[in-house]
Amino acid sequence: TETFATALIDRVHGRSSGGSMGQQKRQMSEYEKEEQELRKLQQKNKQTKLIGAPSESEPVRKKPKSSVITLKGDVDEDRDQEEMKELDARLKEKHKEEQNQKGQHTVINTQLNKMTEDELLEVLPKIKKESRYEYLKHREEQQLDLLRRKIEMRKQMFAGLKLSKEEEKLEELEETLLSLALERRKGRNLEGG
C-alpha cells in the first residue's frame, strides 16, 4: 500500500516512475500506428474509383422523382387505392366540418356583438361550457382512434410471434380499455338522444 500511495503522489505531482513512462511511449506509438494506418486507408479510398460512378468531369444525373415509390411484389394496389379513397373522404369531411364551424362562429360573433354587457356575462359561461363539451367530444374521438390504431399496429407487428406475459397483459388491457370506452360512448349516445 505504501508503494501505491507513493506512485499516486508521484502521478499527482507530475513525477514519473520508471515503468509508467515506458508504457506511455508504447501506447503513443500504438496510437501513432493506428493514425498512420487510417491515413493510408483514406489515401487508398481516394485513389479507388467505383465502377459506374461518375467522374468529376461528368455531371451527375438526377433521377426523375416519381409520385409513388413501389417495390415489386410488396405493394397491394387495391389496398393502396382503398386507403387513398378513405383518406380523400376523410379530408373532404373535415373540410365540410371546418366550413360549418366557420359559419357558426360568424353567427355567434354577430349575436355576441349585439348583446349588452349584462347579457354577455349571463351567456358566456354557457358558451364556455358548450365549447368545452365539444372539445372533449373531439378529444375523446382522437384518443379512441389513437388507441385503436395502436392495437392494430401491435397486432400486425407481432403477428405469429410469442409474446411475454407482460406484453400479453398489456395488449389485453388495451383491448379491454377500448371496448369499455366504446360501450360507455354508446350508452351516453343512447341516453342523450
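This report walks through the helices, the core, the salt bridges and the surface patches of the protein above.

## Before we start

What you're looking at is a predicted model, where local features need pLDDT of at least 70, side-chain atom pairs count only at pLDDT 80 or more, and totals for chains, interfaces and linings use all residues. Residues are numbered from 1 along each chain as its sequence is written, and side-chain values use heavy atoms, with hydrogens and water left out.

## The overall layout

Let's begin with the big picture. The protein has five helices and zero strands, so-called DSSP runs numbered from the N terminus (H or I, at least four residues, for helices; E, at least two, for strands). Read from the N terminus, the elements go α-α-α-α-α.

How much of the protein is buried? Buried residues are 6% of the 193 residues. Here, buried means under 20% relative accessible area, exposed means over 50%, and partly exposed is in between (1.4 Å probe, protein chains only). The accessible surface comes to about 19100 Å², and carbon and sulfur atoms hold 53% of it. Such areas come from the Shrake-Rupley method with a 1.4 Å probe, and for residues only the protein chains shown count as cover.

## The nonpolar core

Nonpolar side chains tend to be buried together in soluble globular proteins. In this model, the largest nonpolar core has five residues: Leu-144, Leu-147, Ile-151, Leu-178 and Ala-181. Two elements, α4 (117-157) and α5 (165-192), each give two or more residues to this core, and α4 supplies the largest share, with three. To count as a core, buried Ala, Val, Leu, Ile, Met, Phe, Trp, Tyr and Cys residues must be joined through side-chain atoms within 4.5 Å.

Now take a look at Glu-172, which sits in helix α5. Glu-172 counts as exposed because its relative accessible area is 53%. Its C-alpha atom is 9.6 Å from that of Ile-151, with the two positions 21 residues apart along the chain.

## Salt bridges between α4 and α5

The model has 10 salt bridges, each one a side-chain nitrogen of Lys or Arg within 4 Å of a carboxyl oxygen of Asp or Glu. Which residues does Glu-174 pair with? One partner is Lys-150, with the closest N and O atoms 3.3 Å apart. This pair links helix α5, home of Glu-174, to helix α4, home of Lys-150, across 24 residues of chain. Another partner is Arg-154, at 2.7 Å between the closest N and O atoms. Because Glu-174 is in helix α5 and Arg-154 is in helix α4, this pair ties together parts 20 residues apart in sequence.

Is Glu-174 buried or exposed? With a relative accessible area of 8%, Glu-174 is buried, while Lys-150, at 37%, is partly exposed. Glu-175 and Lys-155 also meet in a salt bridge, at 3.3 Å from N to O. Glu-175 belongs to helix α5 and Lys-155 to helix α4, 20 residues apart. Glu-175 is partly exposed at 30%, and so is Lys-155 at 43%. Elsewhere, Glu-140, Arg-184 and Arg-188 form one network through salt bridges that share partners.

## Patches on the surface

Met-153, Met-157, Phe-158 and Leu-161 make a nonpolar surface patch of about 410 Å². Patch residues have over 30% relative accessible area and no salt bridge, with like charges joined within 9 Å and nonpolar side chains (Val, Leu, Ile, Met, Phe, Trp, Tyr) within 5 Å. Met-157, in helix α4, is exposed at 52%.

There's a patch of negative charge as well, gathering Glu-77, Asp-78, Asp-80, Glu-82 and Glu-86. Glu-77 is part of helix α3 (residues 77-114) and counts as exposed at 58% relative accessibility.

Key
Lys and Arg count as positive and Asp and Glu as negative; His and the chain ends are not counted. The place of a charge is taken as NZ of Lys, CZ of Arg, CG of Asp or CD of Glu.
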